[in-house]
Amino acid sequence: MKIQVSNTNEPVWRNITIKSDLPPKLKKLDELSKNLWWVWNSEGKSLFHDLDRELWRATGENPVMMLQKITTDRLNEILKDDVMMERINTVYAHFKEYVKQPMRTDVPSVSYFSMEYGLCNALKIYSGGLGILAGDYIKEASDRRYPMTAVGFLYRYGYFTQTLSMDGTQIANYEAQNFNQLPIEPVLDESGKQMILEVPYPGRVIYANIWRVNVGRMKLYLMDTDIDLNSEWDRPITHQLYGGDWENRIKQEYMLGIGGVLMLKKLGIKNQLYHCNEGHAALLNLQRLVDYVQDDGLNFQEALEIVRATSLYTCHTPVPAGHDYFDEGLFGKYMGEFPAKLGISWQDLMNMGRENPDTNERFSMSVFALNTTQESNGVSWLHGQVSRKMFAGIWKGYAPEESHVGYVTNGVHMPTWAASEWKEYYSRVLGDDYIEHQEDEKTWAPILKVPDQEIWDMRMRLKNKFINFVKRDFSENWLKNQGDPSRILSIVDKINPNALLIGFARRFATYKRAYLLFSDLDRLSKIVNNEKYPVQFIYAGKAHPADGAGKDLIKRIVEISKMPQFLGKIIFLENYDMTVSKRLITGVDIWLNTPTRPLEASGTSGEKAEMNGLLNFSVLDGWWYEGYREGAGWALTAQRTYTDQAQQDKLDAATIYSMLEHEIIPLYFAKNSRGYSPEWIQYIKRSIATIAPHFTMSRMLEDYITRFYAPEAARSAKLRASNYALAKDIVAWKNNVVEHWDAVHALDVELSDSLKNASNNGEAVEATIKLDTAGLGKDLGIELVVYREEDGETKFHETIPFKVIKQEGDVVTYHMKNHIKDSGVFRYGFRVYPWNKNLPHRQDFAYMKWI
Ligand SMILES: *Cc1c(COP(=O)(O)O)cnc(C)c1O
């Protein structure tokens, strides 16, 4: 045998996680780290930060990971540091005081379903605006002691992190999350093992671990299918947010809706109402229907009355293409067993997801959501209007203006998004309890009277903080990815606190038109290279990995930022996430937004900016359509001048340049001897005092309660009483109407001359209609419907109801006499509809007959 230099085989590595065991005196930190309360309570956040600053940053502001990694030496130091120990005790006491307050019992409890939640950066279960909104909402529910339970997914890979290659190509990195290092807790069963949810899928059961996120007083339950019990084919259901093919998507939406309802059942949570945040979770209503049929002995129609009466669907998407549709074959593969459970046909189920029943349309999740919820809403006033039009085809015969689809304008959770510096300042000048009355404009009036200098100092402080953040967190990355150290250093040096900083950060979807600013590079170069009036633009944002146009846009902006005339003047920050977002919306001067109207359903980043003394410069779309006030920001015109998008873009770009050159830049640099522009400060004060209060999450929650939750709870209680007596009555009544509907017809229509003649000099119009009601008697109503003809368009104008004047058996005579409002060219018609005071609105039972 020959002696070798060495002889070994491959190492056999085995994994073990050793968590640093916190000394008993520091156990409070462990408890604090397992509740996200610290995210929006500055004392909690700064405590973690100060425990170990380097580690806090290195762990991406993740207290659980930080406590696992903190060194024994550092722990011993903390134990010996009386001030720090005192702080830990105080923060802990405040936390305990907060969480021990009971939830309200005077409002209806709600189960809230969402595909994503943006709560903090460490928990990568969000991609953008929709998730941040859901996260903000449940934080507010916690603050307001609102009884709510949230349902979502724990993703293995979450949404991607973004890096850019040298030439600006977006690289999407999916990093597996180690669930042991996240601020979440496994939900345990009686035997102390992690609770496992069993969800029946066709031909198999899919299992999910159940996790809990403590969000202050709120609980968010997350499902995770990446476990050994599942086949390789099913484990990826919760791997990625908006990843995978359509089949994975339906498996995901099945898990969210059906699995989510089963999970709540398993946990013994019975809330009164169900709120579906975007259409992804709409199948929750299918499982609820099954439960009412199987557990409560209701028939399908009765179950549907109850399910509808207790649910709300919020739509966030302004274009039909943005909604989820499933091919009948794929949908059938997963949902095929449901009709039998409900006692309906396959066609009946498919039709619930079709705008035009009995066609071969694909199954639309939003149509299904609308058909199974009594109420639904858009997320700003304008988006409410757009949604009514978008969904009008579902309730044929009714004009969008008559639709029950409402709106609640999105808001933001102020304690999360206002800088701690501002929060302290607000406490000082508005009173300690300002946060309790944040949605009231009166609370904010004192801001108008504070010394200008204080506002300016605050702005400069946060601007410098932002610049330091860019220097610290980005130079390193830039050096790594983009070479040429001297160039990088010159960019970093050029970021100037005395320049007017303009921020633009959001998802890079083409409708957001991030390219607008770059349509005339010569003109832009003049703007940013004016020595006297320095201006810099900071961009950030991710493109969906499948969105080629979005990725090209990022590339183009990065290219421009490297041109000599724009170096250090146009800066692109990688990996837009909650941390980058918070720095931007507290640190720049102006928040720019240029969407194509009306595609920005609401937008919320501009609302965050409001709370931090930034000024918005934006297209009058989404929330800004309601938010804009003169002298408190700037608006790009609401009207569309060109139908050709390229022409419109050109015009809008020219307007942006011109407003910057002639209004905004001169205003900012009209500085006094103290170094600030007094008029600019007035803009800031007006913007904080008169705009910010209306876009708080507190206002939004209140709107949901008064517009939807409270009325639905009241009505559904009536439907449920005495073993669902009223619900059953309504179903019987509807069935009766349906049975006789076809036989209803007009026997005689008598019109006044003022209606018959082609023109009318403002005289009253009068009509008498004799109807064969086919046994429906007074269950029918008749109305005059008037549309106005204007500029080649026909627009809904008004309806005028008829009164019953005579009834002889089945024959009922109706009469109407009134003036048509206003003058103009009109067209009119008469329609018959079923009437019952127990219906919430006409679209609940949209039978209609024109006569
Ligand atoms: C607030 C926020 C958003 C949503 O803002 P929009 O104005 O809708 O673009 C998206 N991403 C992050 C990281 C945010 O903080």
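Mentor: Before we turn to the predicted model, keep in mind that UniProt annotations may be inferred rather than shown by experiment.

Trainee: Which residue does the annotation "modified residue: N6-(pyridoxal phosphate)lysine" cover, and in which helix is that residue found?

Mentor: According to the UniProt record, an unreviewed entry, the annotation covers K608, and K608 is found in helix α25, which spans residues 605–610.

Trainee: Does K608 count as buried or exposed?

Mentor: Buried means under 20% relative accessible area. K608 has a relative accessibility of 4%, and therefore it counts as buried. Leaving aside residues up to four places away in sequence, K608 touches I132, V412, W417, S581 and I585.

Trainee: How many residues surround the ligand, and which are the closest?

Mentor: The ligand is surrounded by 14 residues, of which S581, G603, T604, S605 and K608 are the closest. By class, this shell holds 4 nonpolar, 6 polar and 4 charged residues.

Trainee: Which atoms of S581, T604 and S605 lie 2.8 Å, 3.1 Å and 2.5 Å from an oxygen atom of the ligand?

Mentor: For S581 it is a polar side-chain atom, 2.8 Å from a ligand oxygen, and for S605 it is likewise a polar side-chain atom, at 2.5 Å from an oxygen atom of the ligand. In T604, by contrast, a backbone N or O atom lies 3.1 Å from a ligand oxygen.

Trainee: How much of the ligand's accessible area does the protein cover?

Mentor: On its own the ligand has 390 Å² of accessible area, and the protein covers 93% of it. The elements giving two or more residues to the surrounding shell are α8 (129–143), α24 (578–587) and α25, the last being the helix in which K608 is found.

Definitions and conventions. Residues are numbered from 1 along each chain as its sequence is written. This is a predicted model: local features need pLDDT of at least 70, side-chain atom pairs count only at pLDDT 80 or more; totals for chains, interfaces and linings use all residues. Side-chain values use heavy atoms; hydrogens and water are left out. Helices (H or I, at least four residues) and strands (E, at least two) are DSSP runs, numbered from the N terminus. Buried means under 20% relative accessible area, exposed over 50%, partly exposed in between (1.4 Å probe, protein chains only). Contact means heavy atoms within 4.5 Å. A residue is near a molecule or strand if one of its heavy atoms lies within 4 Å of it. A polar contact is a pair of N or O atoms within 3.5 Å; within protein, one must be able to donate a hydrogen and the other to accept it, and residues adjacent in sequence count only if both atoms are side-chain atoms. Accessible areas come from the Shrake-Rupley method with a 1.4 Å probe; for residues, only the protein chains shown count as cover. Ala, Val, Leu, Ile, Met, Phe, Trp, Tyr, Cys and Pro count as nonpolar, Asp, Glu, Lys and Arg as charged, and the others, Gly among them, as polar.
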